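Q: I would like a close look at a single part of the structure shown below, with its surroundings described as far as they help.

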Amino acid sequence: MARRPIALATAVVLFLEAPGIVAINAVMARFVKAQSMSLDGLDPDAMYTGTWALGLASGALLLLCGLVPLVAGIRDRRPGRAGRALLIGCAVVHGILGAVTVGLLGWGAFAFMMVVLGLIVLTLVAYGETRADAPEAPAAA
(Lines give C-alpha, C1' and ligand atoms only; values in the text may rest on other atoms or scores of the structure.)
Protein backbone atom coordinates (compact mmCIF):
# COMPACT_ATOMS: atom_id res chain seq x y z
CA MET A 1 0.00 0.00 0.00
CA ALA A 2 1.16 3.53 -0.71
CA ARG A 3 0.64 4.88 2.78
CA ARG A 4 4.07 6.49 3.15
CA PRO A 5 3.69 8.78 0.09
CA ILE A 6 0.14 9.67 1.18
CA ALA A 7 1.34 10.70 4.64
CA LEU A 8 4.23 12.71 3.21
CA ALA A 9 1.94 14.46 0.70
CA THR A 10 -0.46 15.31 3.52
CA ALA A 11 2.40 16.78 5.53
CA VAL A 12 3.58 18.89 2.59
CA VAL A 13 0.08 20.24 1.93
CA LEU A 14 -0.43 21.15 5.59
CA PHE A 15 3.00 22.81 5.73
CA LEU A 16 2.14 24.86 2.63
CA GLU A 17 -1.28 25.77 3.99
CA ALA A 18 0.09 27.18 7.27
CA PRO A 19 1.77 30.32 5.84
CA GLY A 20 -1.26 30.87 3.61
CA ILE A 21 -3.55 31.03 6.64
CA VAL A 22 -1.18 33.45 8.36
CA ALA A 23 -1.08 35.61 5.21
CA ILE A 24 -4.88 35.70 4.91
CA ASN A 25 -5.17 36.79 8.54
CA ALA A 26 -2.44 39.40 7.98
CA VAL A 27 -4.48 40.91 5.14
CA MET A 28 -7.62 40.91 7.29
CA ALA A 29 -5.72 42.52 10.17
CA ARG A 30 -4.44 45.22 7.84
CA PHE A 31 -8.01 46.00 6.70
CA VAL A 32 -9.21 46.11 10.30
CA LYS A 33 -6.42 48.53 11.24
CA ALA A 34 -6.78 50.73 8.13
CA GLN A 35 -10.54 51.11 8.45
CA SER A 36 -10.63 51.29 12.26
CA MET A 37 -13.21 48.50 12.36
CA SER A 38 -14.76 47.32 15.58
CA LEU A 39 -17.33 44.74 16.49
CA ASP A 40 -20.02 45.87 18.93
CA GLY A 41 -17.86 48.62 20.37
CA LEU A 42 -14.65 46.62 20.82
CA ASP A 43 -11.40 48.49 20.56
CA PRO A 44 -10.09 48.42 16.95
CA ASP A 45 -6.59 47.73 18.27
CA ALA A 46 -7.93 44.67 20.09
CA MET A 47 -9.54 43.49 16.85
CA TYR A 48 -6.24 43.99 15.02
CA THR A 49 -4.29 42.10 17.68
CA GLY A 50 -6.89 39.35 17.85
CA THR A 51 -6.80 38.83 14.09
CA TRP A 52 -3.03 38.49 14.17
CA ALA A 53 -3.19 36.13 17.14
CA LEU A 54 -5.77 33.95 15.39
CA GLY A 55 -3.64 33.82 12.26
CA LEU A 56 -0.47 32.89 14.11
CA ALA A 57 -2.23 30.29 16.27
CA SER A 58 -3.91 28.74 13.24
CA GLY A 59 -0.61 28.60 11.38
CA ALA A 60 1.13 27.01 14.36
CA LEU A 61 -1.62 24.40 14.70
CA LEU A 62 -1.41 23.56 11.00
CA LEU A 63 2.35 23.10 11.36
CA LEU A 64 1.74 20.83 14.33
CA CYS A 65 -0.87 18.90 12.34
CA GLY A 66 1.65 18.61 9.51
CA LEU A 67 4.26 17.10 11.82
CA VAL A 68 2.01 14.14 12.64
CA PRO A 69 1.79 12.69 9.10
CA LEU A 70 5.43 13.64 8.47
CA VAL A 71 6.62 11.56 11.42
CA ALA A 72 4.19 8.76 10.51
CA GLY A 73 5.49 8.76 6.94
CA ILE A 74 9.14 8.76 7.95
CA ARG A 75 8.72 6.00 10.55
CA ASP A 76 6.04 4.19 8.52
CA ARG A 77 4.09 3.65 11.73
CA ARG A 78 0.69 4.92 12.67
CA PRO A 79 0.47 8.06 14.82
CA GLY A 80 -0.24 7.75 18.51
CA ARG A 81 -3.54 8.58 20.16
CA ALA A 82 -2.77 12.29 20.48
CA GLY A 83 -1.59 12.50 16.88
CA ARG A 84 -4.73 10.79 15.59
CA ALA A 85 -6.91 13.09 17.70
CA LEU A 86 -5.05 16.10 16.27
CA LEU A 87 -5.56 14.88 12.70
CA ILE A 88 -9.25 14.16 13.34
CA GLY A 89 -9.72 17.67 14.70
CA CYS A 90 -7.88 19.09 11.70
CA ALA A 91 -10.14 17.09 9.36
CA VAL A 92 -13.27 18.35 11.10
CA VAL A 93 -12.08 21.96 10.85
CA HIS A 94 -11.29 21.52 7.15
CA GLY A 95 -14.75 20.08 6.55
CA ILE A 96 -16.47 22.99 8.29
CA LEU A 97 -14.27 25.59 6.61
CA GLY A 98 -14.91 23.90 3.26
CA ALA A 99 -18.64 24.35 3.75
CA VAL A 100 -18.11 28.02 4.62
CA THR A 101 -15.67 28.77 1.80
CA VAL A 102 -18.00 27.52 -0.92
CA GLY A 103 -20.31 30.43 -0.16
CA LEU A 104 -17.63 33.05 0.45
CA LEU A 105 -14.82 32.20 -1.97
CA GLY A 106 -16.30 29.80 -4.50
CA TRP A 107 -15.90 26.26 -5.67
CA GLY A 108 -12.13 26.41 -6.18
CA ALA A 109 -11.48 27.10 -2.51
CA PHE A 110 -14.02 24.42 -1.61
CA ALA A 111 -12.23 21.90 -3.83
CA PHE A 112 -8.89 22.72 -2.19
CA MET A 113 -10.33 22.27 1.29
CA MET A 114 -11.89 18.95 0.30
CA VAL A 115 -8.59 17.72 -1.19
CA VAL A 116 -6.84 18.53 2.09
CA LEU A 117 -9.67 16.86 4.02
CA GLY A 118 -9.38 13.80 1.80
CA LEU A 119 -5.61 13.59 2.31
CA ILE A 120 -5.99 13.81 6.08
CA VAL A 121 -8.69 11.14 6.16
CA LEU A 122 -6.72 8.93 3.76
CA THR A 123 -3.69 9.21 6.03
CA LEU A 124 -5.79 8.23 9.04
CA VAL A 125 -7.31 5.27 7.19
CA ALA A 126 -4.00 4.14 5.67
CA TYR A 127 -2.39 4.02 9.10
CA GLY A 128 -5.44 2.44 10.69
CA GLU A 129 -5.51 -0.60 12.89
CA THR A 130 -3.64 -3.57 11.48
CA ARG A 131 -4.47 -7.21 12.13
CA ALA A 132 -1.54 -7.45 14.54
CA ASP A 133 -2.85 -4.46 16.51
CA ALA A 134 -6.49 -5.58 16.55
CA PRO A 135 -7.77 -7.46 19.58
CA GLU A 136 -8.49 -11.10 18.96
CA ALA A 137 -12.09 -12.01 18.24
CA PRO A 138 -13.71 -14.27 20.83
CA ALA A 139 -13.85 -17.90 19.78
CA ALA A 140 -17.20 -19.20 18.59
CA ALA A 141 -18.99 -21.20 21.28
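What does D76 count as, going by its relative accessibility?

A: D76 counts as partly exposed, because its relative accessibility is 28%; the scale calls a residue buried under 20% relative accessible area, exposed over 50%, and partly exposed in between, with a 1.4 Å probe and protein chains only. The model is predicted, so local features need pLDDT of at least 70 and side-chain atom pairs count only at pLDDT 80 or more, while totals for chains, interfaces and linings use all residues. Residues are numbered from 1 along each chain as its sequence is written, and side-chain values use heavy atoms, with hydrogens and water left out.

D76 sits in the loop between α2 and α3. Helices here are DSSP runs of H or I with at least four residues, and strands are E runs of at least two, numbered from the N terminus. D76 comes just after α2 and has a positive phi of about 55°, although D76 is not a glycine. A positive phi also follows α1, at S36, with a value near 55°.

The side chain of D76 is engaged as well. Side chains of opposite charge can pair when their charged atoms come close. A salt bridge requires a side-chain nitrogen of Lys or Arg within 4 Å of a carboxyl oxygen of Asp or Glu. D76 makes one with R3, where the closest N and O atoms are 3.3 Å apart. Since D76 belongs to the loop between α2 and α3 and R3 to helix α1, the pair ties together parts that are 73 residues apart in sequence. R3 counts as partly exposed because its relative accessibility is 22%.

The whole structure holds two salt bridges. One of them joins D45 to K33, with the closest N and O atoms 3.7 Å apart. D45 is in helix α2 and K33 in helix α1, so this pair ties together parts that are twelve residues apart in sequence. D45, at 43% relative accessibility, counts as partly exposed, and K33 is partly exposed too, with a relative accessible area of 47%.

Next, the helices that these pairs involve. α1 covers residues 3–35, 33 residues in total, and reaches 48 Å from its first C-alpha to its last, close to the 48 Å expected at 1.5 Å a residue. That expected span is 1.5 Å times one less than the number of residues. Among the buried residues of α1 are I6, A7, T10, L14 and V32. Their cover includes α2 (44–75), α3 and α4 (107–126).

α2, which D76 follows, has 32 residues and reaches 47 Å from first to last C-alpha, close to the 46 Å expected at 1.5 Å a residue. Its buried residues include G55, G59, G66 and G73, along with L62, V68 and P69. These buried residues of α2 pack against α1, α3 and α4, where contact means heavy atoms within 4.5 Å.

E17 offers a contrast to D76 in its charge pairing. E17 is found in helix α1. E17 is buried yet has no salt bridge, and the nearest side chain of opposite charge, R84, is 20 Å away. In that search Lys and Arg count as positive and Asp and Glu as negative, with His and the chain ends not counted. Leaving aside residues up to four places away in sequence, E17 touches L62, H94, F112, M113 and V116. L62 is one of the buried residues of α2, and M113 and V116 are among those of α4.

α4 has 20 residues and reaches 28 Å from its first C-alpha to its last, close to the 28 Å expected at 1.5 Å a residue. Its buried residues pack against α1, α2 and α3.

On the surface, I88, V92, I96, V100, L104 and L105 make a nonpolar patch of about 610 Å². Patches take residues with over 30% relative accessible area and no salt bridge, joining like charges within 9 Å and nonpolar side chains (Val, Leu, Ile, Met, Phe, Trp, Tyr) within 5 Å; the areas come from the Shrake-Rupley method with a 1.4 Å probe, and for residues only the protein chains shown count as cover. I88 lies in helix α3, residues 81–104, and counts as partly exposed because its relative accessibility is 46%.
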